[in-house]
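Please open the model in your viewer and keep the selection panel at hand. The tour moves from one selection to the next and says what is there at each stop.

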Amino acid sequence: MSDSSSSLPIGKLSILLAVLQEHPWRKEIEKELTEQGCLFTIGRVGAMDITKVVVAMETAAKNNHIIDSQSYREVHAVYHAIIEAIQGLGRGVFQFGDILRTVGLTFAIVRGKMEGTVKHNGEWIAVCVYGTIGAPKKGFEHEAIGFGFNHI
């Protein structure tokens with residue numbers, strides 16, 4: 001993966017990082033992110049309250065210095081990427097807690113340059129959430145994934 005001409009985009013790397021968190025390939029993804037000069041963090045969150053999910057992910061981005069917690073622009077960017085990822089996870093509607101649905105998620109947050117055929121100035125933030133969603137009873141959940149992407 002280290003050949004810069006064949007480097008993967010940060011969005012795809014964030015998805016792979018979230019999905020492969022407990023797989024040996026995770027180290028290859030982390031190596032690629034480091035070689036590209038990206039900042040990244042991974043974590044887990046489980047809750048019925050969507051606010052707790054958002055706060056956990058935003059806090060991880062701040063505590064791991066993915067974003068500057070004193071910069072409104074950076075906090076705002078990660079917030080929107082998180083919301084977009086959760087909308088994908090919840091099929092477009094925030095229906096957690098109130099209708100007795102819970103999530104158990106692994107998340108990856110990646111910050112870096114966006115490569116492509118068109119020159120994009122500045123940095124971007126990619127958020128991927130992967131895990132289970134369903135009734136708060138063991139065996140009543142299913143896999144789900146969500147992805148968000150925003151410019152900083």
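The stops below cover a helix, a group of aromatic rings and several salt bridges, in that order.

Before starting, bear in mind that this is a predicted model.

**First stop: helix H1**

Select residues 10-19, which make up helix H1, and then highlight Ile10, Gly11, Leu13, Ser14, Leu17 and Ala18, the buried residues of this helix. Looking along the axis, you will find that these residues cover an arc of only 165°, which puts them on the same side of H1. In general, an α-helix has 3.6 residues a turn, so residues three or four places apart point the same way. To see what covers the buried residues of H1, add helix H2 (26-35), strand E1 (39-47) and strand E2 (102-112), together with E3 and E4, which are among the elements included in that cover.

**Second stop: the aromatic rings**

Now select Trp124, Phe147 and Phe149, which ring pairs link into a cluster. There are two aromatic pairs to look at. In one of them, the rings of Trp124 and Phe149 have their centres 5.4 Å apart and their planes at 20°, so this pair is stacked, as planes under 30 degrees apart count as such. Trp124 belongs to strand E3 (residues 124-134) and Phe149 to strand E4 (residues 141-151), so that the pair links parts of the chain 25 residues apart. Trp124 is buried, with a relative accessible area of 15%, whereas Phe149, at 22%, counts as partly exposed. The rings of Phe147 and Phe149 are also stacked, with their centres 6.0 Å apart and their planes at 25°, and Phe147 counts as partly exposed at 31% relative accessibility.

**Third stop: the salt bridges**

The structure holds six salt bridges, and a few of them are worth selecting in turn. Begin with Arg44 and Glu22, whose closest N and O atoms are 1.9 Å apart; Arg44 lies in strand E1 and Glu22 in the loop between H1 and H2, and both residues are exposed.

Next, select Arg111, which forms a salt bridge with Glu74, the closest N and O atoms being 2.8 Å apart. Glu74 lies in helix H4 (residues 72-89) and Arg111 in strand E2, 37 residues apart. Glu74 counts as buried at 9% relative accessibility, and Arg111 is buried with a relative accessible area of 10%. Keep Arg111 selected and add Glu123, which forms a salt bridge with Arg111, again with closest N and O atoms 2.8 Å apart; Glu123 sits in the loop between E2 and E3 and is partly exposed, at 26%.

Finally, select Arg26, Lys27 and Glu30, which salt bridges with shared partners join into one network.

Technical notes: Residues are numbered from 1 along each chain as its sequence is written. This is a predicted model: local features need pLDDT of at least 70, side-chain atom pairs count only at pLDDT 80 or more; totals for chains, interfaces and linings use all residues. Side-chain values use heavy atoms; hydrogens and water are left out. Rings of Phe, Tyr and Trp (its six-membered ring) pair if their centres lie within 6.5 Å; planes under 30 degrees apart count as stacked, over 60 as edge-to-face and the rest as tilted. Helices (H or I, at least four residues) and strands (E, at least two) are DSSP runs, numbered from the N terminus. Buried means under 20% relative accessible area, exposed over 50%, partly exposed in between (1.4 Å probe, protein chains only). The arc is that of the directions from the helix axis to the C-beta atoms. Contact means heavy atoms within 4.5 Å. A salt bridge is a side-chain nitrogen of Lys or Arg within 4 Å of a carboxyl oxygen of Asp or Glu.
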